[in-house]
Amino acid sequence: MGDLEIRPALANDIPSIVAMLADDPLGAQRESPDDLTPYLAALERLSGDANQHVVVAVRAGRVVGTLQLTIVPGLARMGATRSIIEAVRVHADERGSGLGTRFIEWAVDRSRSEGCQLVQLTSDASRKDAHRFYERLGFTPSHVGFKLLL
């Protein structure tokens, strides 16, 4: 893993990021690699927020993973700051290589350095392999999540 670089995402990374987001049954229904305009606008908005970290993993000059880490200051838990890991994707060629573990370790380490007392994430109920992966890394399935599409 010594040849792996984790760095902030740049505009020219967007095609690779969107391709990874769309490369599964769920993402194929909600992502559109044909029009990158909304993704570029979102990255610009996120890049201007110090609590947002959209990063990519790069190996041999190729984007092979992405995730978003959001830092959330709060009142609950005696004013604890938490982080939320979102949109974790590893390129199909890299699955099973340890990249996912390295990526989540990066997010947890960054969360600690940001003063977070809790790291949380959600995973679609259908992603059973992902659930086993997160549990292996010490995450516990402690909550039931809900969403409301607007």
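Guide: A residue is called exposed when its relative accessible area is over 50%, buried when that area is under 20%, and partly exposed in between. Keep in mind that the model here is predicted.

Visitor: Okay, then why is R112 called exposed?
Guide: R112 has a relative accessibility of 58%. The cut-off is over 50%, so R112 counts as exposed.

Visitor: And what makes D109 partly exposed?
Guide: D109 comes out at 45%. Partly exposed is the range between the 20% and 50% limits, so that is the label for D109.

Visitor: How do you know that D109 and R112 meet in a salt bridge?
Guide: The N to O distance between their side chains is 3.5 Å. A salt bridge needs the Lys or Arg nitrogen within 4 Å of the carboxyl oxygen, so the pair passes. They sit three residues apart in helix α5, which puts about one helical turn between them. In general, an α-helix has 3.6 residues a turn, so residues three or four places apart point the same way.

Visitor: Where else do two residues three apart in a helix form such a bridge?
Guide: Look at helix α6, where D129 and R132 are about one turn apart. Their side chains meet at 2.1 Å, N to O, so the 4 Å limit is satisfied. D129 is exposed at 55%, while R132 is partly exposed at 48%.

Visitor: What makes the salt bridge between R59 and D3 one that ties parts together?
Guide: R59 lies in strand β2 and D3 in the segment before β1, so the bridge joins parts that are 56 residues apart in sequence. The N to O distance is 2.7 Å. R59 is buried at 15%, whereas D3 is partly exposed at 47%. E94 also belongs to a network of salt bridges with D3 and R59. Over the whole structure, the search finds ten salt bridges.

Visitor: Why is D24 called buried?
Guide: Its relative accessible area is 16%, and buried means under 20%, so D24 qualifies. D24 lies in the loop between α1 and α2.

Visitor: How do you know that D24 makes a polar contact with R127?
Guide: The two side chains come to 3.1 Å, and the limit for the N or O atoms is 3.5 Å, so the contact counts. Leaving out residues up to four places away in sequence, D24 touches R89 and R127.

Visitor: What makes the buried residues of α3 line one face of the helix?
Guide: Those residues are Y39, A42, L43 and L46. Seen down the axis of α3, they fall within an arc of 100°, so they line one face. T37, E44 and R45 are exposed on the face turned away from that buried side. The cover over the buried residues includes α1, α2, β2 and β3.

Visitor: Why is the pair Y134 and F139 called edge-to-face?
Guide: Their planes are 70° apart, and edge-to-face takes over 60 degrees, so the name fits. The centres are 6.0 Å apart, inside the 6.5 Å limit for a pair. Both rings belong to buried residues, and F133 joins Y134 and F139 in one aromatic cluster.

Visitor: Last one: what makes the phi of A60 stand out?
Guide: Phi of A60 is near 55°, a positive value in a residue other than glycine. A60 lies in the loop between β2 and β3. At 76% its relative accessible area is over the 50% limit, so A60 is exposed.

Notes
Residues are numbered from 1 along each chain as its sequence is written. This is a predicted model: local features need pLDDT of at least 70, side-chain atom pairs count only at pLDDT 80 or more; totals for chains, interfaces and linings use all residues. Side-chain values use heavy atoms; hydrogens and water are left out. Helices (H or I, at least four residues) and strands (E, at least two) are DSSP runs, numbered from the N terminus. Buried means under 20% relative accessible area, exposed over 50%, partly exposed in between (1.4 Å probe, protein chains only). A polar contact is a pair of N or O atoms within 3.5 Å; within protein, one must be able to donate a hydrogen and the other to accept it, and residues adjacent in sequence count only if both atoms are side-chain atoms. Contact means heavy atoms within 4.5 Å. Rings of Phe, Tyr and Trp (its six-membered ring) pair if their centres lie within 6.5 Å; planes under 30 degrees apart count as stacked, over 60 as edge-to-face and the rest as tilted. The arc is that of the directions from the helix axis to the C-beta atoms.
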